[in-house]
Amino acid sequence: MSNESALDAVDQEILLHLSQDGRLSNVELAKRVGLTPPPCLRRVKRLEEAGIIAGYRAVIDPAALGRELEVLIDVEIYAQDRKTVQDFEATVASYEEVIEFRRMYGRPDYFLRVAVADHATYESFMTGKLSGLPAVLRLESHLTMKTIKADG
């Protein structure tokens, strides 16, 4: 099942329903896709074992954790040697405030999503952690006006 063509319409429908509500019971999922529970469960297990379903998670309201301010940050680094890049990535990935961290093709070198309580906390994160890293060349912050669509 290495590609989408190996998934039939029922598999696709199972994935759609589970992506919308990962807590669906097998009985409810089976009913929605037109199967009885045992074959539905076998299909779900097969999709999990093939790595197509990579896991399940809870989506937490950031406000409930006191992390209402979300900032997107473009990061450019000056160093390209392997050790500096690995050290930079390990350090940034360890920061609790960083909720998404991607290495990009082209510019910027990295994209971060940071969630903090407020502007003062963000300033502290930027000045106390991120901008002081040896590899950092440039940082550009983007504050979200309104989230139109977010997956999960």
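This section describes the packing of three helices and the contacts of two charged residues in a predicted model.

Helix α1 spans residues 9-20. Its 12 residues reach 17 Å from the first C-alpha to the last, close to the 16 Å expected at 1.5 Å a residue. Four residues of α1 are buried: Asp-11, Ile-14, His-17 and Leu-18. Seen down the helix axis, the buried residues of α1 fall within an arc of 130 degrees, so they line one face of the helix. An α-helix has 3.6 residues a turn, so residues three or four places apart point the same way. The face of α1 turned away from the buried side carries Ala-9, Ser-19 and Gln-20, which are exposed. The cover over the buried residues of α1 includes α2 (26-33) and α3 (37-49). At the start of α1, Asp-8 points a side-chain oxygen to within 3.1 Å of the backbone nitrogen of Val-10.

Helix α2 also has a buried side. Leu-29, Ala-30 and Val-33 are its buried residues. They cover an arc of only 100 degrees around the axis, which puts them on the same side of α2. Val-27 and Lys-31, on the other side of α2, are exposed. The buried residues of α2 pack against both α1 and α3. Gly-34 follows α2. The phi of Gly-34 is positive, near 80 degrees.

Helix α3 packs against both of the other helices. With α2, the packing angle is about 100 degrees and the axes lie 9 Å apart. α2 and α3 are therefore roughly perpendicular to each other. On the α2 side, this contact involves Asn-26, Val-27, Leu-29, Ala-30 and Val-33. On the α3 side, Pro-37, Cys-40, Leu-41 and Val-44 take part. Val-27 is thus listed in the contact with α3, although Val-27 is exposed.

With α1, α3 packs at an angle of about 80 degrees, and the two axes are 11 Å apart. These helices, α1 and α3, are therefore also roughly perpendicular to each other. Val-10, Asp-11, Ile-14, Leu-15 and Leu-18 represent α1 in this contact. They meet Cys-40, Arg-43, Val-44, Arg-46 and Leu-47 of α3. Cys-40 and Val-44 are among the α3 residues that meet α1, and both are also among those that meet α2.

Arg-43 lies in helix α3. At 19% relative accessibility, Arg-43 counts as buried because the cut-off is under 20%. The side chain of Arg-43 makes a polar contact with the side chain of Asp-8, at 2.9 Å. Asp-8 therefore appears in two settings: a side-chain oxygen of Asp-8 reaches the backbone nitrogen of Val-10, and the Asp-8 side chain meets that of Arg-43. Not counting residues up to four places away in sequence, Arg-43 touches Asp-8, Val-10, Asp-11, Ile-14 and Leu-35. Of these partners, Asp-11 and Ile-14 are buried residues of α1.

A second charged residue, Glu-100, lies in strand β2 (residues 98-103). The side chain of Glu-100 makes a polar contact with the side chain of Arg-102, at 2.4 Å. Another polar contact joins the side chain of Glu-100 to the side chain of Arg-113, at 2.9 Å. Leaving aside neighbours within four places in sequence, Glu-100 is in contact with Phe-111, Leu-112 and Arg-113.

Conventions: Residues numbered from 1 in each chain as written. Predicted model: local features only at pLDDT ≥ 70, side-chain atom pairs only at ≥ 80, totals over all residues. Heavy atoms only, no water. Expected span 1.5 Å × (residues − 1). Buried < 20%, exposed > 50% of the residue type's maximum accessible area, 1.4 Å probe, protein only. Arc of directions from axis to C-beta. Contact = heavy atoms within 4.5 Å. Polar contact = N/O pair within 3.5 Å; in protein donor to acceptor, adjacent residues only side chain to side chain. Axes fitted to C-alpha atoms, helices over the stretch in contact; angles between N-to-C directions. Parallel < 35°, antiparallel > 145°, perpendicular 65-115°, else oblique.
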